[in-house]
Amino acid sequence: MCVTSPNATWIPQYPIERAIIKTYSDGRWGEREYSRWPQLLTPGMWHKACIPRVDTEEGRRLGAGVWRTLRPGDWEVDRRAAMPGLGKIRGQLMDALEDAAQAAIMRLDMIAGQPARRLEYGRQLVLILRQCVDRMRLLPATVDISIAVAAHVQRLCLEMAGLDVYLRVVLPRLESTLDYSTHVLDVLGAFVNEGTSASSLVRVGVPVFLLQPLSRDVKVWKVVPVRLVEEELSATPSAVPIHHLPTERVGAMNLTFNWDVQMVVAVSRELCAPTVEGLRTITVDKPEDGPESKRARVDSLVGSKDLSLPVHARPQSKKGATPSGGSSSGAQHPSRMYTASPFYHIPHAWATALQDIGLLKQSPAAVQYFYPPPYLLDTIPSSAPLPNNAPNPNSARRDDKVFRYLHNLVRIREFCRARLFDPTVDGKALTIAEWRSALWGDYTPKDAPVAKGKASEEKKAKRRYEDRNAIARLFGSVACLSSYNEAQVITMDDIDVDKNLAAQSVMLRMRLIWEAHEINFRCDLVALDRVMVPRDQWPIMHRWQREADISAVWGQRSGIVTVLPHPREVTTFHWRRGSDPQWRECIPSLRAFITLMTRWDQVPADLCRAVRQELWDVGLYTHVQQQAIHFYVQNFVAHFHRLPVAPIMFPTAYLV
């Protein structure tokens, strides 16, 4: 057997088929790295033979970031990371990779005149690429994982560059009858083992490496040594190989016979597409309105869901500060009844929908939150006054622990964010009591209490003890956090935060409250959509597409990791009233929100019609915004028996 080429001046090492594909220290796949090394031509995947080479004009146009051989020195420890030993790709290189990814997406968007079917695979690559970039930017990781994620970003950028060359240059040549064999492209090329494909590639000017038996009939003009993969790529294996399972179905354009498509999806799933856990659904009693009333079990099944809610009449609110702003036994607890905040306004449509719920019955099980509930952070101590510019001073609630909560949250917030996606950490949503323990900051496990009193009281005391110790182990042992010390100074967004600043800075408090609202809202939406549209059995690509549809509610279509907001998003708001001059800017987000609901049971017909309507006036915008939010709130309460957390607009008075 020999390898010959009629239009290339070099012969690459042939990538032998293997059951296990090794990953190397640079995050690449050695001889199987299709973005840097020629592979056997795959039907329907000609674009991979069209990936530009590093030493060409087209390759240089892609930017140095996509060609850089990644090394441990390109990674740095993130001092703010939740756990020791975690970090990110260095800032300048990360910026270069983000720019390269954005450029690759823009090139695909600019391709015109192609049928949708030819662009579908490219759109899937865009979806995966955005997930990987968000993963690289938002989640710190160990050096090996960070390099693997960055290398995957490089790989996808190069593959999309190959798709661009194929659609703009090679495909028109294929459809033409002209001979382009003398106009050879500076691209990787491909190995082939039969004459028809070899002839087609030669005619359109793509380098060919033909596998054929060595015989006297083979014409040889020049003998060259084989270029080994080690000359360009790392030969040092990483710790864990990646298995190539030829029979695995990946749900990507039905290309189940392509090992490289399977590998792209497998690596993306393992490294770049984490997801948050769901919320516990709760069994509740419906109001006894007649003899036919019966116990309704609210579970995760989708079907003829009865959205009638277990409520009491709303009590009249009283002016002035109310005590114990977060007591779980209070009749007007913010998880059960809409409660205004003294520091900011809830968007009008959200406030109306939450008020319409009234007062929920006491839940038979503890409700859960993904991030500290905002109402634990917007109270004031009994001895402290409200700021002079507080918008709702009559809504103030008292909690003498709040300053300690705020100061400690600055310290633990990175872990609270990271645990949502770290597969090595318990990332389940926590109860209100568990969040209180976490915010209080006593992470030393306690001995079991002495049993005394009634059996039921002993059982409750034991459960509280076990829950508090579980939080102590999670934050103290897993996150390696010491117990709270009021003398600590913690850096957040380049600001040194001590106890006094945490107590006095309204801007800092609003930054923490806004983040609590935004993360909880986004995770709540993910959790509810997972109940309304069960998708555990969906092909992975379809699941990613659904998650991208969800992420479009608060930004561009990407992945679930974007439930963690970037600090610059503090100036972005998607829930303006129709009377706001900027209401049109909110249409894409609201349309994405409603589009999700079209797959939910009992969706109002007006919402379905609005999605199909291209142009919205202010009247339609206001109507569907109110109806969509009301429908969302009803469904959320019916399944999780607490009020959902609403998104808020960061008060412009604090943007200084």
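I take contact to mean heavy atoms within 4.5 Å, and I keep to that reading throughout these entries on a predicted model.

**Entry on Q154.** I started with Q154, which I located in helix 4, the run of residues 143-175. Setting aside residues up to four places away in sequence, I found that Q154 touches R28, G65, V66, W67, R68, L70 and L97. Is Q154 buried or exposed? Its relative accessibility came out at 2%, and because buried means under 20%, I entered Q154 as buried.

**Entry on W10.** I then turned to W10, which sits in the loop between strand 1 and strand 2 (11-12). W10 has a relative accessibility of 9%, so I counted W10 as buried too. Not counting residues up to four places away in sequence, I listed W37, P38, R53, F209 and R227 as the residues that W10 touches. I also looked up the separation of W10 and V223, which are 213 residues apart in sequence, while their C-alpha atoms are 9.5 Å apart in space.

**Entry on the sheet.** In what order do the strands of the open sheet run? I read the order as 1-8-7-4, with 4 strands and mixed pairing. Strand 1 (2-4) and strand 4 (39-40) are at the edges, and each has a single partner strand, so one side of each is left without a neighbour in the sheet. For strand 4, I noted 2 bridges to strand 7 (residues 190-192), and these two strands run parallel. Within this part of the sheet, I recorded F191 of strand 7 as the bridge partner of L40. I next checked what packs on the sheet and found helix 5 (residues 195-204), which touches both strand 7 and strand 8 (208-212) and whose direction makes about 160 degrees with that of strand 8.

**Entry on the nonpolar cores.** Which residues touch the most other members of the largest nonpolar core? I found these to be W350, F475, F593 and Y632, in a core that holds 118 residues. When I asked which element supplies the largest share of this core, I arrived at helix 12 (residues 506-532), with 16 residues. I followed F475 further and, leaving aside its neighbours within four places in sequence, wrote down its contacts as I412, F415, C416, A438, Y443, C480 and L481. Apart from this core lies another, of 73 residues, and I noted I89, L201, V265 and L271 among them.

Conventions: Residues numbered from 1 in each chain as written. Predicted model: local features only at pLDDT ≥ 70, side-chain atom pairs only at ≥ 80, totals over all residues. Heavy atoms only, no water. Core = buried A, V, L, I, M, F, W, Y, C linked by side-chain atoms within 4.5 Å. Buried < 20%, exposed > 50% of the residue type's maximum accessible area, 1.4 Å probe, protein only. Pairing = 2+ DSSP bridges. Axes fitted to C-alpha atoms, helices over the stretch in contact; angles between N-to-C directions.
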